[in-house]
Amino acid sequence: MYVPQFFCSGKTRYPNIFLCLGAFFFALIAAPLACAQTLSSPESVRYDGANARFLISNRGAGEILARSSTGTLSVFTTDPASPAGIEIVGNLLYVADGSRVRSYRLDTGARIADYPIPGASFLNGISSDGSNRLWVSDFSGAALYELDLSNPAALSHRLFIGGLSFSPNGLRFDAPNQRLLIVTWGTGRIFKANLDGTGLTQILAVGASNIDGVAIDCDGAVYVSSWGAQAIKRFEAPLTAASLSVDLVTGLSNPADISYAPDLGQIASPNAGASTVSLHDTRCLGVMFRDRLEDR
């Protein structure tokens with residue numbers, strides 16, 4: 001398991017006073033550039049394969065950060081007020097932000113849409129079919145909304161499912177089974193919904209509380225992140241009421257909206273309690289293509 005740590009610190013021994021002074025003055029110039037970006041209660045992370053980087057909703061600082069393949073953090077945009085779930089569709093990043101969904105160009109960070117959803121209170125989890133449909137959960141409003149992305153500059157939406165008896169959190173589109181997976185806060189459960197917004201059905205009880213995120217790997221295994229267990233749990237495919245979980249990793253600190261990075265074969269976890277992002281190997285490590293599940 002590779003766990004990247006983002007920090008600006010270190011100790012260096014210098015052979016003489018001149019090198020030390022030189023390093024000191026260089027540090028005065030470089031420090032603001034090198035240390036300005038830090039993680040603060042990260043909520044969601046997605047892998048941007050086209051640019052070989054992770055994008056992270058840095059909720060505590062009200063910004064989206066980019067983490068390069070070398071581990072360097074930079075600001076993607078400071079536009080969102082309180083970013084929660086994020087999702088990449090084509091060349092745009094969609095962000096759940098309060099009662100709004102915002103979108104930004106991946107190449108420039110420029111805002112394309114700032115779309116309010118009347119009646120929504122805390123938009124949180126977010127997922128898409130990779131094309132024209134995007135779903136977002138309203139954690140406090142106990143509802144799911146569907147957005148039409150066919151015109152990214154002029155979004156529209158409908159109530160997908162309302163009046164839920166639980167607090168919906170993370171979402172994941174399950175392409176092979178043509179369904180939307182929904183995980184719940186409180187009593188941890190996994191539900192599925194038909195893509196026409198009907199037929200909401202509980203698949204199983206996770207056996208751990210406060211489920212935040214859900215991801216699917218190249219083999220169809222389902223992963224959930226639990227604040228109650230401080231762990232990421234894996235369920236083998238096919239997911240049924242009888243499926244048993246195993247711990248992919250334990251000892252995390254409030255693991256939030258996890259995601260699967262197909263190019264890397266890893267699960268990325270934003271650890272809101274520790275203000276870190278960690279990467280955890282799956283059995284898909286080194287597997288680039290398998291039944292086209294890499295598209296998720």
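These legends describe close-up views of charged side chains in a predicted model.

**View 1. Asp114 and its surroundings in strand β8.** Asp114 sits in strand β8, which covers residues 111–116. How much of Asp114 is accessible? Its relative accessible area is 27%. Asp114 therefore counts as partly exposed, since buried means under 20% and exposed means over 50%. Beyond its neighbours within four places in sequence, Asp114 is in contact with Arg100, Val101 and Arg102. Arg102 is twelve residues from Asp114 in sequence, yet the two C-alpha atoms are 4.5 Å apart.

**View 2. Polar contacts of the Asp114 side chain with Arg100 and Arg102.** The Asp114 side chain makes a polar contact with the side chain of Arg100 at 2.7 Å. A polar contact also joins the side chains of Asp114 and Arg102, at 3.1 Å.

**View 3. A salt-bridge network that includes Asp114.** Which residues are linked with Asp114 in this network? They are Asp79, Asp97, Arg100, Arg102 and Arg111. Side chains of opposite charge can pair when their charged atoms come close. The structure as a whole holds 17 salt bridges.

**View 4. The salt bridge between Arg46 and Glu87.** The closest N and O atoms of Arg46 and Glu87 are 3.2 Å apart. Arg46 belongs to strand β1 (residues 42–48) and Glu87 to strand β5 (residues 83–89), so this pair ties together parts 41 residues apart in sequence. Are Arg46 and Glu87 buried or exposed? Both Arg46 and Glu87 are buried.

**View 5. The salt bridge between Glu146 and Arg133.** The side chains of Glu146 and Arg133 meet at 2.7 Å, N to O. Glu146 lies in strand β11 (residues 143–148), and Arg133 lies in strand β10 (residues 133–138), so the bridge ties together parts that are 13 residues apart in sequence. Why does Glu146 count as buried? Its relative accessible area is 11%, and buried means under 20%. Arg133 has 24% relative accessibility, so Arg133 counts as partly exposed.

**View 6. The salt bridge between Arg179 and Asp174.** Arg179 pairs with Asp174 in a salt bridge. How far apart are the closest N and O atoms of Arg179 and Asp174? They are 2.8 Å apart. Arg179 is buried, and Asp174 is buried too.

Definitions and conventions
Residues numbered from 1 in each chain as written. Predicted model: local features only at pLDDT ≥ 70, side-chain atom pairs only at ≥ 80, totals over all residues. Heavy atoms only, no water. Helix = DSSP H or I, 4+ residues; strand = E, 2+ residues; numbered from the N terminus. Buried < 20%, exposed > 50% of the residue type's maximum accessible area, 1.4 Å probe, protein only. Contact = heavy atoms within 4.5 Å. Polar contact = N/O pair within 3.5 Å; in protein donor to acceptor, adjacent residues only side chain to side chain. Salt bridge = Lys/Arg side-chain N within 4 Å of Asp/Glu carboxyl O.
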